[in-house]
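The following exercises are meant to be worked through with the model open beside the text. Each one sets a task and then goes through the solution step by step.

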Amino acid sequence: MFNRFVLVVVFVPLAIILIALAVANRGSVAFTLDPFHPGNPALTLNWPFFIFLFLALAIGMIVGSLATWVRQGRYRKLARQRGLEAENLRQAVSRAPAAPPKGPALPKPTN
């Protein structure tokens, strides 16, 4: 149910916006990789503008995801360390002999 809700509320409007963006920006644009000789045909790409927009969006998402992953590395390391520590403590408890319960000594009943 939740998946269908996300599909309808998020992805359908997003798809409509991206399709409209692609249709509105379908004119061919020259993208040159040589800043000193912009007319060099070997280093110039003539693609529709929406492709450059989508590539920029995809590259931005990838770079942002990588930056987030790197930034959260210390938290993943801490979680691994604490998980190992917890596992070691579980094993130590399971290996320890069962000790009699300690508490105040009760007086013995008299007859």
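**Exercise 1: the aromatic cluster**

W47 has a relative accessibility of 35%, so it counts as partly exposed, where partly exposed is the range between buried (under 20% relative accessible area) and exposed (over 50%), computed with a 1.4 Å probe and protein chains only. The model is a predicted one, in which local features need pLDDT of at least 70 and side-chain atom pairs count only at pLDDT 80 or more, while totals for chains, interfaces and linings use all residues. Residues are numbered from 1 along each chain as its sequence is written, and side-chain values use heavy atoms, with hydrogens and water left out.

Task: work out which aromatic pairs link F31, W47 and F52 into one cluster.

Step 1. Apply the pairing rule: rings of Phe, Tyr and Trp (its six-membered ring) pair if their centres lie within 6.5 Å, and planes under 30 degrees apart count as stacked, over 60 as edge-to-face and the rest as tilted. By this rule there are three aromatic pairs.

Step 2. Take F31 and F52, whose ring centres are 5.3 Å apart with planes at 40 degrees, so this pair is tilted. Because F31 lies in strand β1 (residues 28–32) and F52 in helix α2 (residues 49–71), the pair ties together parts that are 21 residues apart in sequence; helices (H or I, at least four residues) and strands (E, at least two) are DSSP runs, numbered from the N terminus.

Step 3. Compare the surroundings: F31, at 39% relative accessibility, counts as partly exposed, whereas F52, at 16%, is buried.

Step 4. Add W47, which forms a stacked pair with F52, at 5.7 Å centre to centre and 25 degrees between the planes. F31, W47 and F52 thereby belong to one aromatic cluster.

**Exercise 2: helix α1**

Task: check the span of helix α1 (residues 2–24), and locate its bend.

Step 1. The expected span is 1.5 Å times one less than the number of residues. For the 23 residues of α1 this gives 33 Å, and the end C-alpha atoms are 32 Å apart, which agrees.

Step 2. Find the bend, defined as the angle between axes fitted to the seven residues ending at a residue and the seven starting there. At F11, α1 bends by about 30 degrees, and a proline, P13, follows within four residues.

**Exercise 3: the whole chain**

Task: decide whether the protein chain is a compact globule or more spread out.

Step 1. Read the elements: the chain has three helices and two strands, in the order α-β-β-α-α along the sequence.

Step 2. The radius of gyration, taken over C-alpha atoms, is compared with the globule rule of 2.2 Å times the number of residues to the power 0.38. The chain is more spread out than a compact globule, because its radius of gyration is 32 Å, well over the 13 Å that the rule gives for 111 residues.

Step 3. Set this beside the box filled by the C-alpha atoms, roughly 110 × 40 × 20 Å along the principal axes, and the buried residues, which make up 4% of the 111.

Step 4. For a local view, V70 lies in helix α2 and, at 58% relative accessibility, counts as exposed. V70 and A30 are 40 residues apart in sequence and 35 Å apart in space, C-alpha to C-alpha.
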